[in-house]
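Here are my notes on this one, point by point. Have a look at the fold first, then read on.

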Amino acid sequence: VMGSIFTRNLTLALAAASLAVVAGVPVRTEPGGAVAADAASSDEIAYRYCSWDQWTSDIWCGIAIRAADSTLRFFDYLGEPSWSPDGTKIAATDGGPVAPWSTGAPAEIFVLTPGDGSIVNVTNHPAQDYSRLTNGVGFTGSPGWSPDGTRVAFDCIIESDNYDVCSIGADGTGLVRLTSDPAADYHPDFSPDGTRIAFITQRYSLSGEVAVMDANGTNVTRI
């Protein structure tokens, strides 16, 4: 599980079930089997689970929410869960199919409200219905909330095959491309006060380094 660049008080754990691995991806072998990804509090943990279709070799993923009493709720075809600061919503990516050999990526960002089970496609890109990216353009993942819960930052490809950082309102409005450098920028994370965003960039080396920018995409600084 990739940790945040800015320090957060997240409780990460392993679900108590057996795991198998296909092409480096945890696979659900029985209800609850997966790697935990994020926790809103000590009461609930949201994590991704995946299942492998042996006939098509596709890997389908979803989100499971495990309560303190071990009750499980499943939300299929979602991935990379990230709790909102108030613990009422989860930002997530499209969960599949992702073939082990595929270079494609999920094409949408969703907001799930576990309380009522509603799911909103906030990016609503034309390349949806669990498809690959269209012409190398789309919304690829790593969603992270602003501290006030109004916006989600995430990896995006606005120009073909150029990874950038974007943000969008939790209601699906106000999409903003925050970076536009030819080098790859990805894995954004808001600062605790919401004024800055840390991210990984290949502007300075292909191995990737940490940089920080203002929340509106200006004043990029190498760390």
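1. A word on confidence before anything else: pLDDT is the predictor's confidence in each residue, from 0 to 100, and a contact here means heavy atoms within 4.5 Å. This is a predicted model, so please keep the general caution in mind that where pLDDT is low, the predicted coordinates should not be read in detail.

2. With that said, residues 1–37 have pLDDT under 50 throughout, although the model gives them 89 contacts beyond four places in sequence. Residues 127–135 are also below 50, with 30 contacts beyond near neighbours in sequence. For the chain, the mean pLDDT is 75, and 69% of the residues reach 70 or more.

3. Now the sheet. Which order do its strands take? They run β7-β8-β9-β10, four strands in an open, antiparallel sheet. The edges are β7 (78–83) and β10 (118–121), each of which pairs on one side only. From one strand to the next, the twist averages 30 degrees.

4. The β7/β8 pair is worth a closer look. Four bridges join β7 to β8 (residues 90–94), and the two strands run antiparallel. Gly79 sits opposite Thr93 of β8, while Trp83 has Ile90 of β8 as its bridge partner. Together the two strands make a hairpin with six residues between them, and in that turn Gly87 has a positive phi of about 75 degrees.

5. Is β7, an edge strand, mostly covered or mostly open? Mostly covered: five of its six residues are buried.

6. On to the packing. The largest nonpolar core has 12 residues: Ala91, Ile109, Val111, Val122, Phe139, Trp145, Val152, Phe154, Cys156, Cys166, Ile168 and Ala170. At least two of them come from each of β9 (109–113), β11 (138–145), β12 (151–157) and β13 (163–169). The largest share, three residues, is from β12. Separate from this core lies another one of 10 residues, including Ala46, Ile65, Trp83 and Leu112. As general background, nonpolar side chains in soluble globular proteins tend to be buried together.

7. Finally, Ile109, which belongs to the largest core. What does Ile109 contact once neighbours within four places in sequence are left aside? Its contacts are Ala92, Thr93, Val120, Asn121, Val122, Thr123, Phe139, Gly141, Pro143 and Phe154. Val122, Phe139 and Phe154 are also listed as members of the largest core.

Technical notes
Residues are numbered from 1 along each chain as its sequence is written. This is a predicted model: local features need pLDDT of at least 70, side-chain atom pairs count only at pLDDT 80 or more; totals for chains, interfaces and linings use all residues. Side-chain values use heavy atoms; hydrogens and water are left out. Two strands pair if DSSP finds at least two bridges between them. Axes are lines fitted to C-alpha atoms, for helices over the stretch in contact, and angles run from 0 to 180 degrees between N-to-C directions. Buried means under 20% relative accessible area, exposed over 50%, partly exposed in between (1.4 Å probe, protein chains only). A nonpolar core is a set of buried Ala, Val, Leu, Ile, Met, Phe, Trp, Tyr and Cys residues joined through side-chain atoms within 4.5 Å.
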